[in-house]
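Trainee: Could you take me through a single part of this structure in detail, and then set that part against the rest of the chain? I would like one connected account rather than a list.

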Amino acid sequence: MKRFNTTVVCNPQKHYMVDISKKLDRIIEKYIEPGNYFSINRGRQYGKTTTLSALAARLHDRYYCLQISFEWAESMFESEYRLASGFISRVRKELTLEHVQEELIREWERPIDERDPLTDLDRKITDLCAGSDRGILLMIDEVDRASNNQTMLQLLGLLRDKYIQREKGRDFTFHSVILAGVYDIKNLKMRIRSEEVHQYNSPWNVAVKFEEDLSFSPKEIAGMLQEYEADYHTGMDICSVSELIYDYTSGYPVLVSDICKHLDENIAGTDIFPARTMAWTPVGVIEAVRLIEYEKTPLFEDMIKQLTDYPELKDVVKRILFEGESIAFNAYNDVLNLAKMFDYIKSVNGRVAVSNRIFEVVLYDYFLSEEETGNITKKDAELNKSQFITNGHLDMETVLRKFAEHYSSVYADNDQKFVEKFARKIFLMYLKPIINGTGNYYIEAQTRDEKRTDIIVDYHAEQFLVETKIWYGPKYNNDGEKQLCGYLDRLNLKKGYLLTFSFNKNKKTGIQERTFGDKVLLEITV
């Protein structure tokens, strides 16, 4: 039976996969058939290697597709000779697998001139491509593994020059060259040069901009689930499950597959979800998300590393998450552009947002964990944890009542600017140890701003909606209550909770319950 795959390349014979045939058709028509050179730059585990493999399989009868990788190839870039000989060796293997004419292979593998290896490589590429009975595609994966080597730029410069000469009708070279990696070539250039001589002119300026969306849409996820359903007959509501998976991942390929893998292998058959019919439900998806968020994975480790390496990026993300700050996206801002290239952030209507809910929660937890040691808010929540859980159910009203007591005793004397800036952070610091290990939470991005934030808490099979907001007068408060009722409708909930931080001397603190139609709102004002 097939399995869901979260490592390296996916194989349609072995793995359940999203059908990317339409994406491949567009890439072939727009980029490969015209003979373009281009780069596929996406975040870690975004399906780049799988896309290259699928393109090669699709084009096998029309082109010779040479798939090489620069992973574990650091020594290849120590000198021009090692570069040329290493490149020739890797391509030679591919020429054999592609059954290129024997005489071309023999000529290709002849020893190169050690005195001028790149000139010899230039000639070999010309002879190979001129003598081939088909166009030759060169696909280089993990291209950014060689990013700290000047010889890498020399190779790109050689390919660039041959492309230009081909367009003039004065040379033969690869029909199309595809580079795949996280960093784009401009960033490779920046990493190689010192801070004083950053330059944006690139040896890869012949490349066209690659604009194909490699994320998975809800419809594409549903297609994969239909294949799984045909094998296992779980009775799942494919539409709702695929939509929920998309809501949490925004279509980030490895996260989509990871949720499905957990549902299939780690959740179905457990005490809570003894059968697949129970696992492949919205509740099962939420449980899979919880497991993923608590995992230590290369993807999350790399994200934390980048935040450590780029303190400016860390600061921007914290301001978005905890302060609700609206930051304009600017492609010329190095930090924001780098984060977008990593696929940690995205531009939504020109403003910066974290790419998906799972990334958001991982980042929230990471930032909160930096301050947990010795934190009085965390300690107080842990001491009272037994009061909040009754027969496996989370008592959100008690959580908020106790938080109000804690806030009044610890933070009441803080100045307004401090609390306005850190209000939601203080509450999340209190909430996290209560639901830790059993529940999870996420922030509704559409309602998050500097004045209000909707926090959705999942605990076992129950959901709770808690709006945290700063008091800005009765009109704004009434508008917020109407919006909260509308959001309760979307979540099919009858009760919502409002946590209001007020600095109005005439505003009464305490707890008030109000009814709006069939909705009950419990407001706790501190």
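Mentor: What follows is a close look at the first helix, and after it a walk through several other places in the chain. Please keep in mind throughout that this is a predicted model.

The helix in question, α1, covers residues 21-32, and its buried residues are Lys-23, Leu-24, Ile-27, Ile-28, Tyr-31 and Ile-32. When α1 is viewed down its axis, these buried residues fall within an arc of 135 degrees, so they line one face of the helix. The spacing agrees with a general rule: an α-helix has 3.6 residues a turn, so residues three or four places apart point the same way. On the other side of α1, Lys-22 and Glu-29 are exposed. A lysine therefore appears in both groups, since Lys-23 is listed among the buried residues, while Lys-22 is exposed on the other side, and burial here counts as under 20% relative accessible area.

What covers that buried face is a mixture of strands and helices. The strands in the cover include β1 (38-41), β2 (63-69), β3 (135-141) and β4 (176-181), and the helices include α2 (48-58) and α8 (218-232). Some of these elements come from much further along the numbering, as with α8 at residues 218-232, and this can be set beside a figure for the whole chain: among contacts with a separation of 6 or more, 70% are accounted for by residues 24 or more positions apart.

For the wider setting, the protein chain has 526 residues, of which 55% count as buried, and its secondary structure comes to 21 helices and 14 strands. The C-alpha trace spans about 85 × 60 × 40 Å along its principal axes.

From α8, which helps to cover α1, the chain passes into the loop between α8 and α9 (238-249), and His-233 has its place in that loop. The phi of His-233 is near 50 degrees, a positive value in a residue other than glycine, and His-233 counts as exposed at 60% relative accessibility. The strand β2, another part of the cover, leads in a similar manner to the loop between β2 and α3 (80-97), where Trp-72 is found. Trp-72 also has a positive phi, of about 60 degrees, although it is not a glycine, and at 71% relative accessibility it counts as exposed. These two values deserve attention when you inspect the backbone, because most residues other than glycine have a negative phi.

A contrasting environment is found at Val-256, which lies in helix α10 (residues 253-267) and is buried, with a relative accessible area of 0%. Leaving aside neighbours within four places in sequence, Val-256 is in contact with Phe-216, Ile-221, Met-224, Ile-245, Thr-249 and Gly-251. Phe-210, by comparison, is 46 residues from Val-256 along the chain, and the C-alpha atoms of the two are separated by 23 Å.

The cysteines can be treated briefly, as the structure holds 0 disulfides. Cys-10 is in no disulfide, and the nearest cysteine sulfur to it, that of Cys-260, is 11 Å away; Cys-260 is likewise in no disulfide, with the sulfur of Cys-10 as its nearest. Cys-10 is buried at a relative accessible area of 17%, and Cys-260 is buried at 0%.

Further along, Ala-353 sits in strand β6 (residues 351-354) and counts as buried at 15% relative accessibility. Not counting residues up to four places away in sequence, Ala-353 touches Tyr-344, Ile-345, Lys-346 and Val-348. Cys-129 is 224 residues from Ala-353 in sequence and 45 Å from it in space, C-alpha to C-alpha.

Finally, a search of the whole structure finds 1 cavity of 30 Å³ or more, and about 40 Å³ of space lies in the largest cavity. Its lining consists of Glu-293, Tyr-294, Val-361, Asp-365, Lys-432, Ile-435, Gly-439, Asn-440 and Tyr-441, which divide into 4 nonpolar, 2 polar and 3 charged residues. At least two lining residues are supplied by each of α16 (357-369), α20 (416-435) and β9 (439-443), and the largest share, 3 residues, comes from β9.

Note on methods. Residues are numbered from 1 along each chain as its sequence is written. This is a predicted model: local features need pLDDT of at least 70, side-chain atom pairs count only at pLDDT 80 or more; totals for chains, interfaces and linings use all residues. Side-chain values use heavy atoms; hydrogens and water are left out. Buried means under 20% relative accessible area, exposed over 50%, partly exposed in between (1.4 Å probe, protein chains only). Helices (H or I, at least four residues) and strands (E, at least two) are DSSP runs, numbered from the N terminus. The arc is that of the directions from the helix axis to the C-beta atoms. Contact means heavy atoms within 4.5 Å. A disulfide is a pair of cysteine sulfur atoms within 2.5 Å. On a 1 Å grid over the protein atoms alone, a cavity is a set of points where a 1.4 Å probe fits but cannot get out, and a pocket is an open set with protein on both sides within 12 Å along at least five of seven lines; lining residues have an atom within 4 Å of a point. Grid points are joined across faces, edges and corners, and a volume is the space filled by probe spheres set on the points. Ala, Val, Leu, Ile, Met, Phe, Trp, Tyr, Cys and Pro count as nonpolar, Asp, Glu, Lys and Arg as charged, and the others, Gly among them, as polar.
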